[in-house]
Amino acid sequence: MRSSLFSSRSLSTWALGLCFLAGLLIGTLLVSRSGPDTRAALQVILGGYVERRQTLAFASIAASTFCSTFAALAVLFFCGFCTIAQIIIFAVPLFKGLGYGFSIGMLYAQYGTSAIRYVAFLLLPTMFLSTLLLILASRSSLRLSVTLLRSALVAPDENGSRRIKRYCVKYMIFTGICLLIALFDALIVTRFGGLFVL
């Protein structure tokens with residue numbers, strides 16, 4: 001019983017991770033294979049991503065990173081209470097990966113190989129940490145959503161209230177980690193952003 005639960009957790013974690021990687025790959029490929037007009041439109045949408053990060057203050061960078069990740073966390077939190085939100089939960093890491101793919105693809109398209117060091121040192125650490133956080137949050141939301149669906153179809157969950165309390169505590173912890181990631185991102189950009197001039 002315990003081993004089967006562990007394997008189901010591992011399976012959901014791998015599936016969520018693959019959703020993120022699929023989004024990352026799709027976003028990067030779309031930019032690399034797009035025409036000049038599409039790239040110009042994406043550049044307007046991204047709004048000078050690198051330039052803004054290099055000129056913003058510490059608090060502004062931290063707030064921007066926090067709001068971006070927290071918005072995804074908020075969606076996942078509410079999806080956990082919905083019995084039919086499993087597709088949306090899997091879509092969150094997919095769209096997060098898509099956003100990262102667009103950003104990285106645009107940097108490579110605009111700056112070429114000179115963007116490699118910038119991406120490796122200033123984007124990937126924050127991207128890895130926030131993605132890991134979102135996968136953990138997605139897994140928690142998926143488990144609660146499936147549990148609520150099973151309770152509605154089969155039998156009520158006797159530990160439902162306790163499970164929901166634990167779920168809320170987890171998301172409070174996730175929010176605290178989200179803040180730490182935002183502060184870390186702001187720290188590396190303000191301290192080391194000048195070393196990677198594009």
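What share of the contacts in the protein chain with a separation of 6 or more comes from residues 24 or more positions apart? The figure is 86%, with contact meaning heavy atoms within 4.5 Å. Bear in mind that this is a predicted model, where local features need pLDDT of at least 70, side-chain atom pairs count only at pLDDT 80 or more, and totals for chains, interfaces and linings use all residues. Residues are numbered from 1 along each chain as its sequence is written, and side-chain values use heavy atoms, with hydrogens and water left out.

**Figure 1. The whole chain, helices from end to end.** The protein chain has 7 helices and 0 strands, running α-α-α-α-α-α-α from the N terminus. Helices (H or I, at least four residues) and strands (E, at least two) are DSSP runs, numbered from the N terminus. Of the 198 residues in the chain, 36% are buried; here buried is under 20% relative accessible area, exposed is over 50%, and partly exposed falls in between (1.4 Å probe, protein chains only). The accessible surface adds up to about 11,500 Å², and carbon and sulfur atoms own 72% of that. Areas come from the Shrake-Rupley method with a 1.4 Å probe, and for residues only the protein chains shown count as cover.

**Figure 2. The largest nonpolar core.** This core holds 18 residues, and Leu-73, Leu-76, Leu-133, Ala-137, Tyr-171 and Phe-174 have the most contacts inside it. Helices α4 (58–79), α5, α6 (115–153) and α7 (160–192) each chip in at least two of its residues. For the record, a nonpolar core is a set of buried Ala, Val, Leu, Ile, Met, Phe, Trp, Tyr and Cys residues joined through side-chain atoms within 4.5 Å. In soluble globular proteins, nonpolar side chains tend to be buried together.

**Figure 3. Phe-174 and Leu-133 up close.** Phe-174 sits in helix α7 and counts as buried because its relative accessibility is 9%. Its C-alpha atom is 7.1 Å from that of Leu-133, though the two residues are 41 apart along the chain. Skipping neighbours within four places in sequence, Phe-174 is in contact with Leu-73, Leu-133, Leu-136, Ala-137 and Ser-140. With residues up to four places away again not counted, Leu-133 touches Thr-69, Leu-73, Phe-174, Ile-177, Cys-178 and Ile-181.

**Figure 4. A separate core, with Leu-123 in view.** Apart from the largest nonpolar core lies another core, this one of 13 residues, among them Leu-24, Ala-115, Leu-123 and Met-127. Leu-123 belongs to helix α6, and its 10% relative accessibility is why it counts as buried. Look for Val-189 too: its C-alpha atom is 9.0 Å from that of Leu-123, across 66 residues of chain.

**Figure 5. Val-119 and its contacts.** Val-119 is another residue of helix α6, and it is buried, with a relative accessible area of 3%. Ile-104, 15 residues away along the chain, has its C-alpha atom 7.1 Å from that of Val-119. Residues up to four places away aside, Val-119 touches Ile-104, Leu-107, Tyr-108 and Leu-124.

**Figure 6. Lys-96, a buried charge without a partner.** Lys-96 lies in helix α5 (residues 86–111). Despite being buried, Lys-96 has no salt bridge, and the nearest side chain of opposite charge, Asp-185, is 10.0 Å away. Lys and Arg count as positive and Asp and Glu as negative, while His and the chain ends are not counted; a salt bridge needs a side-chain nitrogen of Lys or Arg within 4 Å of a carboxyl oxygen of Asp or Glu. So what does Lys-96 contact, leaving aside neighbours within four places in sequence? Phe-20, Ser-68, Thr-69 and Leu-134.

**Figure 7. A nonpolar patch on the surface.** Phe-58, Leu-179, Leu-180, Leu-183 and Leu-187 make up the patch, with about 430 Å² of accessible area together. Patches are built from residues with over 30% relative accessible area and no salt bridge: like charges are joined within 9 Å, nonpolar side chains (Val, Leu, Ile, Met, Phe, Trp, Tyr) within 5 Å. Helix α7 gives the most here, with 4 residues. Leu-179 lies in that helix, α7, and counts as partly exposed because its relative accessibility is 44%. The C-alpha atoms of Leu-179 and Thr-69 are separated by 9.2 Å, with the residues 110 apart along the chain.
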